[in-house]
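Q: Please choose a single part of this chain and look at it closely, working outward from that part to its surroundings. I am in my first year, so I would like the steps to follow one another in a connected way.

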Amino acid sequence: MSLAPDSWPGRVSWTQMGVVVALAVLSGCRTVPVQVSPQAPEMRFGGRVDRGDAQGPRLSWGGTSLTVRFTGTSLGLRLLDLPKVEEHAPNRFRFSVDGAPFRDLYVGEGRMLYRVVEGLPEGEHVLRLEKETESSVGETQFLGLELDPGAQLLPAPPAPTRRLEFIGDSGLTGYGIEGKNEQCSFNVETQRSSLTWPALTARALGAEATIIAFSGKGVAVNHANDPSPPLPRLYERTLPYRQDSRWDFNSWVPDAVVIQLGANDFWKEHPGEERFRNAYRALVDGIRGHYPNAHIVCLLGSGISDSYPKDLNARSHARVLISGVVESLRQAGDSRVHFAEVPPKLEDEGFGCVWHPSQKTHQRTAEQMTPLLRDLLGWK
């Protein structure tokens, strides 16, 4: 079940809420809801979150999350969907309370209060909120919580101690993953970060995941010669559309980093061996500089094939270049960098929108990557 823009129960505008609170105070009523600051330290965010705005944290990357533990019978989220760079639709989130099945939440324009859950039994509860859509859909700003009168915000459950970071393009964003076939076009109804193989793999390993993925981006060349920065430059940012939003790499250090890039570099023609190799090497060197002890897996993913573009043999070329970078680094003494590959998309798995990986392809990839990472990291 989803909460859609025209059917959200209890959807109250910022102004309306202020009037209700003011009236309650003037009348001496003791039923004023508890307003929780967006900066409250008891809440736990996962993924890259920008805290530079005093009004509240801003998040953009798909898979970014919020975990909250609270008392009372209801909870409201105050959210602001910030102006889009590319106008698609409202950002899509999903949420769960106390481990119940996830429900969808679409965040509309303006400062809004979303009463995501009501009628809970008295006691402690845990909310999990996850961003399903990618950065191109837009940023969302978290403006705080509303709890029952007399309720409390409690310290969130601790994050998993295992940490994984994934870097990639639309193959990791969940682009079209819920589409019926390759003929559908992009929309937020078919994009779901939580169904991607990185999300499935992290859950299977009991790890916290950060997914730095953006559709259309390459290592050196973007899809359709998009002149915007390729993924390695966006990798340095907390919010990819803001050049001044720099990520603090000391704030969250992964045990392993998996790179799945290259499909967009070969979208039409060969990007050039030296150009691709140098850009890929620079990305890996940068990651190693940030994370001296992490394992780095350079993955040839399912989205690159020798059949498309015709006569280019893109997968074969990409394999040689990526594995060559890995081999040179290992010969130079870095034993924690590795090459791996998963088979191309299989016809009987079907396709998501615009020929993107289907849920079956993501599941198959997760089934291969889960034991690989478990063995590499010595996780039981």
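A: The part to look at is helix 3, which is mostly covered, since seven of its nine residues count as buried, and the model in which we see it is a predicted one. The buried residues of helix 3 are Trp197, Pro198, Ala199, Leu200, Thr201, Ala202 and Leu205. For this label a residue must have under 20% relative accessible area. A general point about helices helps in reading such a list: an α-helix has 3.6 residues a turn, so residues three or four places apart point the same way.

What lies over these buried residues? The elements that cover them include strand 15 (162–168), helix 2, strand 16, strand 17 (256–260), strand 18 (295–300) and helix 7. At the end of the helix, the residue that follows is glycine 206, which has a positive phi, near 65°.

Helix 3 (197–205) also takes part in the lining of a pocket, the second largest, to which strand 4 (44–46), strand 12 (124–131) and strand 16 (207–213) likewise give two or more residues each. That pocket holds about 380 Å³ of space, and it is lined by 21 residues, with Arg128, Glu130, Arg203, Ala207 and Ala209 lying nearest its centre. Strand 16, which we met among the elements covering the helix, gives the largest share of this lining, four residues. Sorted by class, the lining of the second largest pocket has eight charged, seven polar and six nonpolar residues.

Helix 2, another of the covering elements, leads us to a different pocket. The largest pocket has a volume of about 1200 Å³, and of the 50 residues that line it, Ser170, Gly216, His223, Asn264 and His356 are the closest to its centre. Two elements give two or more residues to this lining, namely helix 2 (170–173) and helix 4 (231–234). The lining of the largest pocket is made up of 22 nonpolar, 19 polar and nine charged residues.

The stretch of chain that leads up to helix 3 holds one end of a disulfide. Cysteine 184 and cysteine 353 form this link, with their sulfur atoms 1.9 Å apart, and the count for the model comes to one disulfide. The turn about the S-S bond is -105°, and the link is left-handed. Cysteine 184 sits in the loop between helix 2 and helix 3, while cysteine 353 sits in the loop between strand 19 (337–341) and helix 7 (359–377), so the pair ties together parts that are 169 residues apart in sequence. The two ends are not covered alike: cysteine 184 is partly exposed, at 22% relative accessible area, whereas cysteine 353 is buried, at 0%.

Finally, helix 3 can be set against the chain as a whole, which has seven helices and 19 strands. The radius of gyration is 22 Å, close to the 21 Å that the globule rule gives for 380 residues, so the chain is as compact as a globular protein of that length. Buried residues make up 55% of those 380 residues, and helix 3, with seven of its nine residues buried, is one place where such covering can be followed residue by residue.

Key. Residues are numbered from 1 along each chain as its sequence is written. This is a predicted model: local features need pLDDT of at least 70, side-chain atom pairs count only at pLDDT 80 or more; totals for chains, interfaces and linings use all residues. Side-chain values use heavy atoms; hydrogens and water are left out. On a 1 Å grid over the protein atoms alone, a cavity is a set of points where a 1.4 Å probe fits but cannot get out, and a pocket is an open set with protein on both sides within 12 Å along at least five of seven lines; lining residues have an atom within 4 Å of a point. Grid points are joined across faces, edges and corners, and a volume is the space filled by probe spheres set on the points. Ala, Val, Leu, Ile, Met, Phe, Trp, Tyr, Cys and Pro count as nonpolar, Asp, Glu, Lys and Arg as charged, and the others, Gly among them, as polar. A disulfide is a pair of cysteine sulfur atoms within 2.5 Å. Buried means under 20% relative accessible area, exposed over 50%, partly exposed in between (1.4 Å probe, protein chains only). Contact means heavy atoms within 4.5 Å. The radius of gyration is taken over C-alpha atoms; the globule rule is 2.2 Å times the number of residues to the power 0.38.
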